[in-house]
Amino acid sequence: MPRTCKVCGSPMREQLEAMRREGKSLKNILLFSIQNNLGLTYKMLQYHFLFHMDKDKVKNNIESLIPTELVTHLIKNLQICDDKISKMLTEDKVDHKTLLKYLVEIRQTISTLKELLSEYHVKLTTPNEIFHLLLSLMHDFPVEYIKKIQERYLKWKENPDLSPIEY
């Protein structure tokens with residue numbers, strides 16, 4: 001007789017899954033489970049979220065992904081324009097017509113990127129927000145890993161030009 005998932009059979013399954021989609025840690029969800037006498041363990045929750053959680057409800061994140069090929073192409077356009085302008089300036093051969101052409105291309109590319117970000121409802125985030133998001137997602141990690149991430153972030157904050165390998 002096959003074993004059944006206790007989380008799938010829980011009367012509070014929807015609430016548990018909603019908590020996970022909101023980014024709550026397994027520890028917090030376990031505490032909620034204990035408070036509501038659901039009889040679930042950490043391992044049960046972990047297994048359920050990995051293998052049984054309704055993928056369609058998580059899929060909304062996948063559907064909102066930006067077409068990365070287009071973004072990569074637009075960023076490449078900006079790099080090419082930057083390279084051409086830099087070359088003109090370093091060689092002291094500034095052709096005003098060509099310079100204007102590159103500036104127009106840059107403006108159009110940035111405008112397209114802004115439209116794309118708006119269309120896909122992308123929220124621009126600061127490094128500090130990303131750091132706090134990482135910490136919130138690491139609740140289940142050992143304390144020494146969390147401290148290591150904090151140390152690296154502080155080193156990076158002191159010198160953002162460092163390669164991740166250097167710290």
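Biologist: In the protein chain, in which helix is confidence lowest, and in which is it highest?

Modeller: This is a predicted model, where local features need pLDDT of at least 70, side-chain atom pairs count only at pLDDT 80 or more, and totals for chains, interfaces and linings use all residues. Residues are numbered from 1 along each chain as its sequence is written, and side-chain values use heavy atoms, leaving out hydrogens and water. pLDDT is the predictor's confidence in each residue, from 0 to 100, and helices are DSSP runs of H or I with at least four residues, numbered from the N terminus. Confidence is lowest, at a mean of 45, in helix 4 (residues 55-63), and highest, at a mean of 92, in helix 2.

Biologist: How many contacts does the stretch of residues 56-64 have beyond near neighbours in sequence?

Modeller: The protein chain averages a pLDDT of 79, with 83% of the residues scoring at least 70. Over residues 56-64 the pLDDT is below 50. With contact taken as heavy atoms within 4.5 Å, the number in the model for this stretch, beyond near neighbours in sequence, is five.

Biologist: Which helix supplies the largest share of the largest nonpolar core?

Modeller: A nonpolar core is a set of buried Ala, Val, Leu, Ile, Met, Phe, Trp, Tyr and Cys residues joined through side-chain atoms within 4.5 Å; buried means under 20% relative accessible area, exposed over 50% and partly exposed in between, with a 1.4 Å probe and protein chains only. The largest core has 14 residues, of which V7, L16, I29, L40, L45 and F49 touch the most other members. Helix 1 (13-21), helix 2 (26-35) and helix 3 (42-51) each supply at least two of its residues. The largest share, four residues, belongs to helix 2.

Biologist: How far apart are the C-alpha atoms of L16 and F49?

Modeller: L16 lies in helix 1 and counts as buried because its relative accessibility is 0%. Apart from neighbours within four places in sequence, L16 is in contact with V7, S10, I29, F32, L38, L40, L45 and F49. L16 and F49 are 33 residues apart along the chain, and their C-alpha atoms are separated by 9.4 Å.

Biologist: Against which helix do the buried residues of helix 5 pack?

Modeller: Helix 5 has 23 residues and reaches 32 Å from its first C-alpha to its last, close to the 33 Å expected; the expected span is 1.5 Å times one less than the number of residues. Its buried residues are L74, N77, C81, I85 and M88. They pack against helix 6 (96-119).

Biologist: Which residues does N77 touch, not counting those up to four places away in sequence?

Modeller: N77 lies in helix 5 (residues 68-90). With a relative accessibility of 18%, N77 therefore counts as buried. Beyond those sequence neighbours, N77 touches E105 and T109.

Biologist: How far apart are the closest N and O atoms in the salt bridge of E17 with R13?

Modeller: A salt bridge is a side-chain nitrogen of Lys or Arg within 4 Å of a carboxyl oxygen of Asp or Glu, and a search of the whole structure finds one. E17 and R13 are separated by about one helical turn because they are four residues apart in helix 1. E17 counts as buried at 1% relative accessibility, whereas R13 counts as partly exposed at 24%. The closest N and O atoms of E17 and R13 are apart by 3.0 Å.

Biologist: How many disulfides does the count come to?

Modeller: A disulfide is a pair of cysteine sulfur atoms within 2.5 Å. The nearest cysteine sulfur to that of C5 belongs to C8, 3.7 Å away, and C5 is in no disulfide. C5 is buried, with a relative accessible area of 17%, while C8 counts as partly exposed at 29% relative accessibility. The count of disulfides comes to zero.

Biologist: What is the phi of D92, which follows helix 5?

Modeller: Most residues other than glycine have a negative phi. N37, in the loop between helix 2 and helix 3, is not a glycine and has a positive phi of about 50°. D92 is in the loop between helix 5 and helix 6 and counts as exposed because its relative accessibility is 66%. The phi of D92 is also positive, near 55°.
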